[in-house]
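Subject: A structure for you to look at

Hello,

Here is the structure I promised to pass on to you. Please open it alongside this message, and then read on for what was found in it.

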Amino acid sequence: MPTYAYRCRECTETFELLRPMSESGAPAACPDGHTDTVKLLTTVALTGAATAAAPAGGGGCCGGGCCG
(Lines give C-alpha, C1' and ligand atoms only; values in the text may rest on other atoms or scores of the structure.)
Protein backbone atom coordinates (compact mmCIF):
# COMPACT_ATOMS: atom_id res chain seq x y z
CA MET A 1 0.00 0.00 0.00
CA PRO A 2 1.30 3.47 -0.81
CA THR A 3 1.91 6.21 1.72
CA TYR A 4 0.24 9.58 1.16
CA ALA A 5 1.30 12.86 2.77
CA TYR A 6 -1.24 15.40 4.04
CA ARG A 7 -1.13 18.82 5.71
CA CYS A 8 -3.70 20.12 8.17
CA ARG A 9 -4.86 23.63 7.30
CA GLU A 10 -5.92 24.29 10.89
CA CYS A 11 -2.79 23.34 12.86
CA THR A 12 -0.33 23.13 9.89
CA GLU A 13 0.73 19.62 10.97
CA THR A 14 2.11 17.42 8.18
CA PHE A 15 1.35 13.70 8.46
CA GLU A 16 1.38 10.52 6.39
CA LEU A 17 -1.21 7.78 5.97
CA LEU A 18 -0.78 4.29 4.58
CA ARG A 19 -3.91 3.58 2.54
CA PRO A 20 -5.00 1.81 -0.64
CA MET A 21 -4.82 3.75 -3.91
CA SER A 22 -8.61 3.54 -4.15
CA GLU A 23 -8.82 5.72 -1.00
CA SER A 24 -6.13 8.24 -1.98
CA GLY A 25 -8.67 11.02 -2.54
CA ALA A 26 -10.76 10.27 0.55
CA PRO A 27 -10.79 12.88 3.35
CA ALA A 28 -8.12 12.40 6.01
CA ALA A 29 -8.24 13.81 9.55
CA CYS A 30 -4.97 14.97 11.10
CA PRO A 31 -3.63 13.28 14.26
CA ASP A 32 -5.24 16.08 16.32
CA GLY A 33 -8.66 15.32 14.79
CA HIS A 34 -8.98 18.31 12.46
CA THR A 35 -10.70 17.52 9.18
CA ASP A 36 -9.61 20.49 7.04
CA THR A 37 -6.64 18.76 5.37
CA VAL A 38 -5.08 18.71 1.92
CA LYS A 39 -3.18 15.91 0.21
CA LEU A 40 0.38 16.91 -0.70
CA LEU A 41 2.09 16.06 -3.94
CA THR A 42 5.07 13.80 -3.34
CA THR A 43 7.78 12.36 -5.54
CA VAL A 44 8.35 8.66 -6.03
CA ALA A 45 11.80 7.19 -5.49
CA LEU A 46 12.58 4.45 -7.98
CA THR A 47 14.98 1.75 -6.89
CA GLY A 48 15.85 -1.74 -7.98
CA ALA A 49 16.66 -3.44 -11.25
CA ALA A 50 14.86 -0.90 -13.44
CA THR A 51 17.19 1.92 -12.41
CA ALA A 52 20.25 -0.34 -12.44
CA ALA A 53 19.72 -0.86 -16.17
CA ALA A 54 19.98 2.88 -16.89
CA PRO A 55 23.01 3.84 -18.99
CA ALA A 56 26.03 5.06 -17.06
CA GLY A 57 28.05 8.14 -17.82
CA GLY A 58 25.80 10.98 -16.84
CA GLY A 59 23.00 12.44 -18.87
CA GLY A 60 22.46 15.29 -21.19
CA CYS A 61 21.56 15.29 -24.82
CA CYS A 62 24.31 12.90 -25.93
CA GLY A 63 24.73 10.52 -22.99
CA GLY A 64 27.16 12.62 -20.98
CA GLY A 65 29.64 13.47 -23.71
CA CYS A 66 30.55 16.92 -24.89
CA CYS A 67 27.69 18.50 -26.79
CA GLY A 68 28.85 20.86 -29.27
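**The nonpolar core**

The largest nonpolar core is made up of six residues: Tyr-4, Tyr-6, Cys-8, Phe-15, Ala-28 and Cys-30. Strand 1 is the biggest contributor to this core, giving three residues. Please keep in mind as you look around that this is a predicted model.

Cys-8 is a good residue to click on next. Leaving aside neighbours within four places in sequence, Cys-8 touches two fellow members of the core, Phe-15 and Cys-30. The contacts of Cys-8 also include Glu-13, His-34, Asp-36 and Thr-37.

**The sheet**

Now for the strands. There is an open sheet of three strands, in the order 2-1-3, and the pairing is antiparallel. Strand 2 (14–18) and strand 3 (37–39) are the edge strands, each pairing on one side only. On average, neighbouring strands in this sheet are turned by 35° against each other, direction ignored.

Strand 1 covers residues 3–8, and its antiparallel pairing with strand 3 runs over three bridges. On that side you will find Arg-7 standing opposite Val-38 of strand 3. With strand 2, strand 1 pairs over five bridges, again in the antiparallel sense. There, Ala-5 has Glu-16 as its bridge partner.

Strand 1 and strand 2 form a hairpin with five residues between the strands. Within this hairpin, have a look at Thr-12, which takes a positive phi near 60°.

**The cysteines**

How many disulfides does a search of the whole structure find? It finds zero. A disulfide is a covalent bond between the sulfur atoms of two cysteines, and the sulfurs have to lie within 2.5 Å of each other to be counted as one here. For Cys-11, the closest cysteine sulfur is that of Cys-8, and at 3.6 Å it is too far for a bond. The sulfur of Cys-30 also has Cys-8 as its closest cysteine, and there the separation of 3.8 Å is too far for a bond.

Are these two residues buried or exposed? Cys-30 is buried, with a relative accessible area of 4%, while Cys-11 is partly exposed at 27%.

**The salt bridge**

The whole structure holds one salt bridge. It joins Arg-9 and Asp-36, whose closest N and O atoms are 3.6 Å apart. This pair links distant parts of the chain, 27 residues apart: Arg-9 belongs to the loop between strand 1 and strand 2, and Asp-36 to the loop between strand 2 and strand 3. Arg-9 counts as exposed, at 55% relative accessibility. Asp-36 is partly exposed, with a relative accessible area of 38%. You have met Asp-36 already, as one of the contacts of Cys-8.

**One more residue to visit**

Ser-24 sits in the loop between strand 2 and strand 3. Because its relative accessibility is 18%, Ser-24 counts as buried; the cut-off is under 20%. Setting aside neighbours within four places in sequence, Ser-24 is in contact with Tyr-4, Tyr-6, Arg-19 and Lys-39. Tyr-4 and Tyr-6 may look familiar, since both belong to the largest nonpolar core.

Enjoy exploring, and do write back with any questions.

Best wishes

Note on methods
Residues are numbered from 1 along each chain as its sequence is written. This is a predicted model: local features need pLDDT of at least 70, side-chain atom pairs count only at pLDDT 80 or more; totals for chains, interfaces and linings use all residues. Side-chain values use heavy atoms; hydrogens and water are left out. Buried means under 20% relative accessible area, exposed over 50%, partly exposed in between (1.4 Å probe, protein chains only). Two strands pair if DSSP finds at least two bridges between them. Helices (H or I, at least four residues) and strands (E, at least two) are DSSP runs, numbered from the N terminus. Axes are lines fitted to C-alpha atoms, for helices over the stretch in contact, and angles run from 0 to 180 degrees between N-to-C directions. Contact means heavy atoms within 4.5 Å. A salt bridge is a side-chain nitrogen of Lys or Arg within 4 Å of a carboxyl oxygen of Asp or Glu. A nonpolar core is a set of buried Ala, Val, Leu, Ile, Met, Phe, Trp, Tyr and Cys residues joined through side-chain atoms within 4.5 Å.
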